[in-house]
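I'm opening a fresh notebook page for this one. The plan is to look things up one at a time and jot down what turns up.

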Amino acid sequence: MPLADYHVHTRLCNHATGSMREFVERACALGLEEMAFLDHLTLTPGGQRLSMNPHEVGLYHLAARRLEKQYHKRIKVKIGMEIDYFPQGMGLAKELSCRFDFDVLTASVHFIDGWNMVSQKTQDSSPFTDPCVLAERYLDALEGLLADPFFDVIGHLDIFKKFSGKAAQIPRQRMEGIIKKIADAGLCVEINTSGLSHGAAEIYPSAEWIEGLARAGVGVTIGSDAHAPKDVGRAFEQAADLLLRCGHTHFTVFSRRVPQRIAL
Ligand SMILES: [Zn+2]
Ligand SMILES: [Zn+2]
């Protein structure tokens with residue numbers, strides 16, 4: 001099945017390994033049809049060291065476009081950014097997004113009350129002892145993002161379960177309300193396989209979200225969240241099976257921010 005990995009990082013974010021070319025080579029070796037660089041742009045205080053510097057965006061864009069040209073006979077290389085949702089930084093994030101012709105822009109919530117829930121190896125530092133409270137606070141932030149739907153894709157939608165797994169259940173009504181807002185905003189949602197390597201031990205988001213997204217007609221991208229070349233395309237067959245079981249018939253790719261649905 002020709003698939004596309006729409007979430008690949010680079011060393012510019014200071015917590016990934018391997019050259020950009022090695023990520024592309026790995027994607028070619030796996031026979032992927034497409035891949036998209038989606039490196040971090042985090043303007044949130046406390047998160048900048050885990051992100052490319054705003055001054056590096058042009059260099060990053062140029063490097064990816066060069067690889068797109070060099071590899072165009074073997075794979076489609078796309079370029080995007082994973083932008084951390086931070087209300088006070090959205091002006092600069094949008095300005096940088098519009099300065100270059102990105103293929104896809106993903107927005108992700110990583111920080112809750114200044115605590116980076118995604119970069120932690122364990123939940124020991126968490127100020128949230130109740131996983132349901134963390135989930136609710138995360139969804140509050142996500143609703144802020146959805147009120148200003150500038151982006152194309154929502155990254156790792158239920159990342160709040162990273163450590164707690166199923167313990168972080170949220171009311172069905174709230175989940176459906178959020179799915180409706182995503183559908184109304186015309187956004188896609190990422191099916192992120194990195195959750196399989198985390199405490200959650202399952203793909204982000206869970207099957208009940210994926211089913212709800214299918215019912216609402218929301219498109220999906222598939223991403224490994226690779227921070228090393230070996231993780232490109234991680235568990236993509238499993239992701240495709242899950243999508244089909246949950247009622248999706250297509251996944252989405254982007255060119256210059258225009259979506260195109262591809263049959264699974
Ligand atoms: Zn990262
Ligand atoms: Zn992320």
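**Entry 1: an odd alanine**

Is A235 buried, partly exposed or exposed? Before answering, a reminder to myself: this is a predicted model. I counted 18 other C-beta atoms within 10 Å of A235, so it goes down as partly exposed. A residue needs 20 or more such neighbours to be called buried, and 12 or fewer to be called exposed. I looked at A235 because its phi is positive, about 55°, although it is not a glycine. I found A235 in the loop between strand 9 and helix 7 (236-245).

**Entry 2: a hairpin**

Next I checked R256, which is also not a glycine and has a positive phi, near 45°. R256 sits in the loop between strand 10 (250-255) and strand 11 (258-263). These two strands form a hairpin with two residues between them, and R256 is in the turn. How many bridges join strand 10 to strand 11? I get six, and the strands run antiparallel. One pair I wrote down is T252 with its bridge partner R261 in strand 11. R256 has just 9 other C-beta atoms within 10 Å, so I call it exposed.

**Entry 3: the open sheet**

Then I traced the sheet. Seven strands form an open sheet, and I read their order as 1-2-3-4-7-8-9, with parallel pairing. Which strands are at the edges? They are strand 1 (4-8) and strand 9 (220-223), each of which pairs on one side only.

I followed a couple of the pairings:

- Strand 1 and strand 2 are parallel and share three bridges; A4 has E34 in strand 2 as its bridge partner.
- Strand 3 and strand 4 (residues 104-108) are parallel too, with five bridges; M81 has L105 in strand 4 as its bridge partner.

I also checked how covered strand 1 is: five of its five residues are buried. For the whole protein chain, I noted seven helices and 11 strands.

**Entry 4: helix 2**

I picked helix 2 (residues 57-70) for a length check. It has 14 residues, and at 1.5 Å a residue it should span 20 Å; I find its end C-alpha atoms 20 Å apart, so that agrees. Which residues of helix 2 are buried? They are Y60, A64 and L67. Looking down the axis of helix 2, I see the buried residues fall within an arc of 55°, so they line one face. What do they pack against? I listed helix 1 (20-29), strand 2 (34-41) and strand 3 (76-84). On the other side of helix 2, the exposed residues are G58, L59, L62, K69 and Q70.

**Entry 5: the nonpolar core**

I looked at the largest nonpolar core, which has 73 residues. Which of them touch the most other members? My answer is M35, V189 and I222. Helix 4 (residues 131-146) gives the most to this core, with seven residues. I took a closer look at V189: leaving out residues up to four places away in sequence, it touches V153, I154, L157, I182, L213, V218 and V220. A general note from class: in soluble globular proteins, nonpolar side chains tend to be buried together.

**Entry 6: two prolines**

The peptide bond from Y204 to P205 is cis, and I read omega near -5°. P205 is in the loop between strand 8 (188-192) and helix 6 (207-215).

My other proline, P45, is in the loop between strand 2 and helix 2. With 11 C-beta neighbours inside 10 Å, P45 counts as exposed. I also compared P45 with G114: they are 69 residues apart along the chain, but their C-alpha atoms are separated by 7.7 Å.

**Entry 7: the whole chain**

Last, the overall picture. The C-alpha atoms fill a box of roughly 50 × 40 × 30 Å along the principal axes. With 264 residues, a compact globule would have a radius of gyration near 18 Å; I get 17 Å for the protein chain, which agrees. Buried residues make up 45% of the 264. I also looked at contacts between residues at least 6 apart in sequence, and 79% of them join residues at least 24 apart.

Methods: Residues are numbered from 1 along each chain as its sequence is written. Chains are lettered from A and ligands numbered from 1 in the order in which they are written. This is a predicted model: local features need pLDDT of at least 70, side-chain atom pairs count only at pLDDT 80 or more; totals for chains, interfaces and linings use all residues. Helices (H or I, at least four residues) and strands (E, at least two) are DSSP runs, numbered from the N terminus. The expected span of a helix is 1.5 Å times one less than its number of residues. The arc is that of the directions from the helix axis to the C-beta atoms. Two residues are in contact if their C-beta atoms, placed from the backbone, lie within 7 Å. Two strands pair if DSSP finds at least two bridges between them. The radius of gyration is taken over C-alpha atoms; the globule rule is 2.2 Å times the number of residues to the power 0.38. A nonpolar core is a set of buried Ala, Val, Leu, Ile, Met, Phe, Trp, Tyr and Cys residues joined through C-beta atoms within 7 Å.
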